[in-house]
Amino acid sequence: MAAARVLLILAGHPVSPRFVQSVCRLLGAGPGLGPWPTHCGLKRGRLVLSDGPFPGASTRLPLQRPPFCPFVALDQQQLRAPGAELPTNRGVDLGVAVMLQSSDQTVLLTRRTRTLSVSPNLWVPPGGHVELDEESAYPPRLSWGLPKYHHIILYLLVVSQESQQQLQARIQPNPSEVSAFMWLGPDVAAAVAATEDGTETHRHLPQELPPSVLTAELEEDGGARPLAMPVSMLLRTTPTTDEGKERVSSGTKFALGLWLRHLRR
């Protein structure tokens, strides 16, 4: 099996989870939504997770998965689609996303381009291929097809002393990966975080939400033009079929919720 970047400590022994296995379940997560406190550390470029303390553990972070995580069904029920195959030559990989907070208490989100093969047209924090973990799959639902990617996403909160305007003047998004970006304040972020994917509970949303938020949409010449993005788009949940509509990812909603707790502290 190709080297993965996630390692588990189970009953005191190191285990490399297989691609099809739910990391949350291996760590003892129950049927609920979480989050579950998880001991974490880094060892030789790998993220190490355990449900108990271990030598080298540096912190304890909340681990979450979406309620429709395909690996729960694949791992527990051994579901298989006729004629389809799951990867057998790799384990669970690691992704990193940065929650960049400006001095005026806004956070940066970017929209992935439509042409990307993984999570196109999705609003996420900027990141690459600490505050929290999330178990992530793509496609995100079994109804979209069998998963091709399995990651633990590590969200890192970076608190800047510069304002949103100062930071935006220095941002240079890669147009092959990012098609737009926006800054969210606490009020809109709270509404987005409250729209949990896969749940039937309707949470209280702020009454005085603006109808739109200002975004910067990248153009072919490298410039950016202002665009009013309806707040209703940010409140979409993950559909049962792949409709290609832009929305905020489930993991980003989780990250926004914990960011808001950080602000209240």
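A residue counts as buried when its relative accessible area is under 20%. With a relative accessible area of 0%, F71 is therefore buried. Keep that cut-off in mind as we walk through this structure, which is a predicted model.

Let's begin with the whole chain. The protein chain has six helices and 15 strands. Of its 265 residues, 47% are buried. The accessible surface of the protein chain comes to about 13,800 Å², and carbon and sulfur atoms account for 51% of that surface.

Now back to F71 and its partner. The structure holds one aromatic pair. F19 and F71 form this pair, with an edge-to-face arrangement: the ring centres are 5.5 Å apart and the planes meet at 85°. The pair links distant parts of the chain, since F19 sits in the loop between β2 (13-15) and α1 (23-26) while F71 belongs to helix α2 (residues 70-76), 52 residues apart. F19 has a relative accessibility of 1%, so F19 counts as buried too.

Rings also meet charged side chains here. R141 lies over the face of F68, 4.1 Å from the ring centre. In a second case, the charged end of R90 sits over the ring of Y149, at 5.7 Å from its centre.

Next, look for the largest nonpolar core, which has 28 residues. Those with the most contacts inside this core are W123, M182, L184, V213, L234, L256 and W259. Several elements each give two or more residues to the core, among them the strands β6 (93-101), β7 (107-112), β11 and β12 (178-184), and the helices α4 (186-194) and α5 (231-234). Which element gives the largest share of this core? That is α6, with six residues. A second, separate core has 18 residues, including V6, L8, V23 and W36.

Helix α6 deserves a visit of its own. Its 15 residues, 250-264, should span 21 Å at 1.5 Å a residue, and the end C-alpha atoms are 22 Å apart, which agrees. Many residues can be named as buried in α6: S250, G251, T252, K253, F254, A255, L256, L258, W259 and L260. Try following W259 outward from the helix. Leaving aside neighbours within four places in sequence, W259 is in contact with M99, Q101, Q105, T106, V107, L157, L184, G185, P186 and A189.

Another residue to find is I153, which lies in strand β11 (residues 149-159). Is I153 buried or exposed? Its relative accessible area is 15%, so I153 is buried. Not counting residues up to four places away in sequence, I153 touches G95, A97, L132, D133, E134 and S136. For S136, the C-alpha atoms lie 6.7 Å apart in space, although I153 and S136 are 17 residues apart in sequence.

Our last stop is Q64, in strand β5 (residues 59-64). Q64 has 14% relative accessibility and therefore counts as buried. Outside the residues up to four places away in sequence, Q64 touches C24, L33, G34, P35, W36, D133, E134, E135 and F254. Some of these names have come up before: D133 and E134 are also touched by I153, W36 is part of the second core, and F254 is one of the buried residues of α6.

Terms used. Residues are numbered from 1 along each chain as its sequence is written. This is a predicted model: local features need pLDDT of at least 70, side-chain atom pairs count only at pLDDT 80 or more; totals for chains, interfaces and linings use all residues. Side-chain values use heavy atoms; hydrogens and water are left out. Helices (H or I, at least four residues) and strands (E, at least two) are DSSP runs, numbered from the N terminus. Buried means under 20% relative accessible area, exposed over 50%, partly exposed in between (1.4 Å probe, protein chains only). Accessible areas come from the Shrake-Rupley method with a 1.4 Å probe; for residues, only the protein chains shown count as cover. Rings of Phe, Tyr and Trp (its six-membered ring) pair if their centres lie within 6.5 Å; planes under 30 degrees apart count as stacked, over 60 as edge-to-face and the rest as tilted. A charge sits over a ring if NZ of Lys or CZ of Arg is within 6 Å of the ring centre and within 35 degrees of the ring normal. Contact means heavy atoms within 4.5 Å. The expected span of a helix is 1.5 Å times one less than its number of residues. A nonpolar core is a set of buried Ala, Val, Leu, Ile, Met, Phe, Trp, Tyr and Cys residues joined through side-chain atoms within 4.5 Å.
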